[in-house]
Amino acid sequence: MSDSTPLSFTILGTGALGGFYGSRLLLGGATVRFIAHSDVDWIRAHGLRVDSPLGDHLFHPVEVYASSDLIPPSAVVCIGLKTTLNDRLPELLAPLVGAGTVILNWQNGLTLEEELAACFPQAVVIAGLCFLCSNKVGPGHIVHLDYGRISLAARDEPGLVWLPRLQAAFGAGGIETDVQPSLPAARWRKLAWNIPFNGLSVLLDRNTDAIMADPEARALAERLMHEVAAGAAACGVPFAPDFIPQLLAATERMAPYAPSMRLDFLAKRPLEVEYLYRRPLREAARHGVRMPGVETIAAQLSLLDRANRGDSASGAE
Ligand SMILES: NC(=O)C1=CN([C@@H]2O[C@H](COP(=O)(O)OP(=O)(O)OC[C@H]3O[C@@H](n4cnc5c(N)ncnc54)[C@H](OP(=O)(O)O)[C@@H]3O)[C@@H](O)[C@H]2O)C=CC1
Ligand SMILES: CC(C)(CO)C(=O)C(=O)O
């Protein structure tokens, strides 16, 4: 395939993130094949609706599938599933991934790309860290609220070669991208936001603006950020000295936002505790550093998650 041929994408998980970026890739002229779950028939019948400050669009018809089988091969397979489903990724991705297929992982968390590369050594695994505020509000209906930049980070040389083409495809759809030289550094920096704000939005039952407005809650978020900084430093990717003040200032400027973990909790869906908390805790511990506050909120989130989904062993009435 020549470098100027439009890329083809399969999007596994047509939710807040997958539906939004898929819609932008379509607008940019790429071929996009969506894999959806409970709303696959709805999307076939009524289309995919994406409301955004960039413009509201209804895509109908769209190429949408109920499973990974029988989909024509795409050059790039994007993962837009929650990490709570990652034990199913080997099975879900296997029909989509051949020699040289690019797997672009959009999920939040740590160790994702290493696990994908171990499972699919024939593929080119690239991280796409999404700075996005988007929600799925109903079947086939995505509401994009703010932001959207994707930070691309390759694991290896073959990944680096793909970055310009990915940047061109997203750029054609109006999505800003940048290239991060270190995948672990980029992942830890993103966690410095997700660990405090995803967890506290559930534990304190409030959105980001309300966390920032309360001095005690804000101080707690900042303390957690410093623990994440210690974890990152132990793993060999220290933050710049002004990173945490800048992150706090950016959060202050952000529109009021319910992080996806809060939406999952309110909808009684499983929480992404494993990849957002347990994997970073494990990686930091491997390098001799504990993050005690992060450990505590991870344990609280696990308990709340189990109780929320009706596990009687959690002790909740
Ligand atoms: N939303 C955001 O703004 C951001 C999200 N992220 C990260 O992106 C990832 C995805 O989050 P988000 O898009 O918010 O989550 P959503 O829950 O909105 O989307 C996940 C989608 O996957 C679908 N799905 C579930 N099971 C399957 C399956 N077996 N096959 C195909 N599709 C399936 C779900 O369908 P159904 O609803 O029918 O189950 C849903 O549409 C997470 O790791 C999150 O942390 C990162 C940055 C920003
Ligand atoms: C809210 C935001 C923009 C913070 O980085 C985000 O990307 C997320 O929810 O993961």
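This report walks through a predicted protein model with two ligands, starting with the chain and then turning to each ligand in turn.

**The chain and its two parts**

Let's begin with the overall layout. The protein chain splits into domain 1, covering 8–181, and domain 2, covering 185–308. If you take the C-alpha centre of each domain, the two centres sit 24 Å apart. Where the domains meet, domain 1 puts 25 residues into the contact and domain 2 puts in 24 residues.

UniProt has labels for both regions, though they come from an unreviewed entry. Its record places "domain: Ketopantoate reductase N-terminal" at residues 10–155. Another feature in the UniProt record, "domain: Ketopantoate reductase C-terminal", is placed at residues 185–302.

What do these stretches look like in terms of helix and strand? Residues 10–155 are 22% helix and 38% strand, with 21 Å between the end C-alpha atoms. Residues 185–302 come out at 75% helix and 0% strand, and there the end C-alpha atoms are 26 Å apart. So when you scroll through 185–302 in the viewer, expect helix and no strand.

**Ligand 1**

Now for the first ligand. Ligand 1 has 25 residues around it, and the ones that come nearest are L17, H37, S38, K136 and E272. Which element gives the largest share of this shell? That is β8, with five residues. Helix α1 (16–27) is also on the list of elements that supply at least two residues.

Both domains take part here: domain 1 and domain 2 each give at least three residues to the shell around ligand 1. Sorted by class, the shell holds 11 nonpolar, 10 polar and four charged residues.

Several oxygen atoms of the two ligands have polar partners in the protein, and the table further down collects them. For ligand 1, the partners include the backbone of L17, the backbone of S134 and the side chain of E272. On its own, ligand 1 has 890 Å² of accessible area, and the protein covers 89% of it.

**Ligand 2**

Next up is ligand 2. Which residues surround it? They are N108, C130, F131, L132, C133, K190, W193, N194, M254 and Y257. By class, that makes seven nonpolar, two polar and one charged.

Strand β8 turns up again, giving the largest share of the shell around ligand 2 with four residues. At least three residues of this shell come from domain 1, and at least three come from domain 2.

For polar partners, look at the side chain of N108 and at the backbone of C130 and L132. Ligand 2 has 280 Å² of accessible area on its own, of which the protein covers 91%. Two elements give two or more residues to the shell: β8 (124–138) and α6 (183–203).

**Polar partners side by side**

Here are the distances from a ligand oxygen atom to an N or O atom of the protein.

| Ligand | Residue | Part of residue | Distance |
|---|---|---|---|
| Ligand 1 | L17 | backbone | 2.9 Å |
| Ligand 1 | S134 | backbone | 3.0 Å |
| Ligand 1 | E272 | side chain | 2.7 Å |
| Ligand 2 | N108 | side chain | 3.2 Å |
| Ligand 2 | C130 | backbone | 2.9 Å |
| Ligand 2 | L132 | backbone | 3.2 Å |

**Putting it together**

If you want one element to keep an eye on, try β8. It gives the largest share of the shell around ligand 1, and β8 also gives the largest share around ligand 2.

Methods. Residues are numbered from 1 along each chain as its sequence is written. Chains are lettered from A and ligands numbered from 1 in the order in which they are written. This is a predicted model: local features need pLDDT of at least 70, side-chain atom pairs count only at pLDDT 80 or more; totals for chains, interfaces and linings use all residues. Side-chain values use heavy atoms; hydrogens and water are left out. A residue is near a molecule or strand if one of its heavy atoms lies within 4 Å of it. A polar contact is a pair of N or O atoms within 3.5 Å; within protein, one must be able to donate a hydrogen and the other to accept it, and residues adjacent in sequence count only if both atoms are side-chain atoms. Accessible areas come from the Shrake-Rupley method with a 1.4 Å probe; for residues, only the protein chains shown count as cover. Ala, Val, Leu, Ile, Met, Phe, Trp, Tyr, Cys and Pro count as nonpolar, Asp, Glu, Lys and Arg as charged, and the others, Gly among them, as polar. Domain bounds come from an automatic or database domain assignment. UniProt positions are given in the numbering used here, feature names are shortened, and annotations may be inferred rather than shown by experiment. Contact means heavy atoms within 4.5 Å.
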